[in-house]
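Biologist: I have not looked at this structure before. Could we go through it one question at a time?

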Amino acid sequence: MLEPLRQGLPPLDPAAVSNAASCALPPRYEAVRDARQFTRRTLDQWDTGDRFDDVCLVVSELVTNALRHALPADTPRAAEQDPPVRLHLMRWTDRVVCAVRDPSHDSPVAGDSEDFSAESGRGLFLVDSFADSWGWHPLAGTLNGKVVWALFRLQSGT
């Protein structure tokens, strides 16, 4: 179990966001492809340079984890109304943050498998490897669940 991580996320003033986009994702695994395509289109418009592939990979992992581990077992995988997972992308001058909101209060759990040929269990390891920092925090107020985020620093002039 990971404690909520906020220390790696620098103070972000929502008023200083230069670009933001979000999309709701239905509770089916095809949503991972949709999230990746949405991210590619958005980042292409924002001209994020060399971080393009890193952000797309991390978005895929975060959305996969939300769909696989954060939805109750009885969640209908074909439901279209009130999608339980939401992807947010935000850009400041020199950084991009991707955040995936899901309805679970459970903390993300990193896989402990040392089998590098395994087909699952490495998602958070990949997030940690490709993002400059990442973490999660529980939601408060009227929103239920948590947000898992990853921050990417952009090179100057991007």
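Biologist: Is R95 buried or exposed?
Modeller: This is a predicted model, so the answer rests on computed values. The cut-off for buried is under 20% relative accessible area. R95 has 16% relative accessibility, so R95 counts as buried.

Biologist: Which residue does the side chain of R95 meet in a salt bridge?
Modeller: In general, side chains of opposite charge can pair when their charged atoms come close. For R95 the N to O distance is 4.0 Å. The partner is partly exposed, with a relative accessible area of 43%. That partner is D94.

Biologist: Which residues are joined into one network by salt bridges that share partners?
Modeller: A search of the whole structure finds 7 salt bridges. Some of these share partners, and the residues joined in this way are R51, D54 and D132.

Biologist: How many of the residues of strand 3 are buried?
Modeller: Strand 3 covers residues 95-102 and has 8 residues. The strand is largely enclosed by the rest of the structure, because the number of buried residues is 7 of the 8.

Biologist: How many bridges join strand 3 to strand 5?
Modeller: Strand 5 covers residues 146-153 and runs antiparallel to strand 3. Among the facing residues, V97 stands opposite L151, and V100 has V148 as its bridge partner. The number of bridges between strand 3 and strand 5 is 8.

Biologist: How many residues lie between strand 2 and strand 3 in their hairpin?
Modeller: Strand 2 (residues 85-92) runs antiparallel to strand 3, and 7 bridges join them. One of the pairs is W92 with R95. The number of residues between the two strands of the hairpin is 2.

Biologist: Which strands stand at the edges of the sheet?
Modeller: The sheet is open and has 5 strands, paired antiparallel in the order 1-2-3-5-4. An edge strand has a single partner strand, so one side of it is left without a neighbour in the sheet. The edge strands are strand 1 (19-25) and strand 4 (133-138).

Biologist: What is the average twist from one strand to the next?
Modeller: The twist is taken between successive strands of the sheet, and it averages 15 degrees.

Biologist: Which strands does helix 2 touch where it packs on the sheet?
Modeller: The direction of helix 2 makes about 10 degrees with that of strand 3. The strands touched by helix 2 are strand 1, strand 2, strand 3 and strand 5.

Biologist: How many residues apart in sequence are the parts that D53 and R40 tie together?
Modeller: The side chains of D53 and R40 meet in a salt bridge, at 3.9 Å from N to O. D53 lies in helix 2 (residues 52-69) and R40 in helix 1 (residues 30-46), so the parts tied together are 13 residues apart in sequence.

Biologist: Which of the two, D53 or R40, is exposed, and which is partly exposed?
Modeller: The cut-off for exposed is over 50%. R40 has 36% relative accessibility and so counts as partly exposed. With a relative accessible area of 51%, the exposed residue is D53.

Biologist: Which residues is T42 in contact with, leaving aside its neighbours within four places in sequence?
Modeller: T42 is found in helix 1. T42 is buried, with a relative accessible area of 6%. The side chain of T42 reaches the backbone oxygen of F38 at 2.8 Å. With neighbours within four places in sequence left aside, the contacts of T42 are A21 and L89.

Note on methods. Residues are numbered from 1 along each chain as its sequence is written. This is a predicted model: local features need pLDDT of at least 70, side-chain atom pairs count only at pLDDT 80 or more; totals for chains, interfaces and linings use all residues. Side-chain values use heavy atoms; hydrogens and water are left out. Helices (H or I, at least four residues) and strands (E, at least two) are DSSP runs, numbered from the N terminus. Buried means under 20% relative accessible area, exposed over 50%, partly exposed in between (1.4 Å probe, protein chains only). Two strands pair if DSSP finds at least two bridges between them. A polar contact is a pair of N or O atoms within 3.5 Å; within protein, one must be able to donate a hydrogen and the other to accept it, and residues adjacent in sequence count only if both atoms are side-chain atoms. Contact means heavy atoms within 4.5 Å. Axes are lines fitted to C-alpha atoms, for helices over the stretch in contact, and angles run from 0 to 180 degrees between N-to-C directions.
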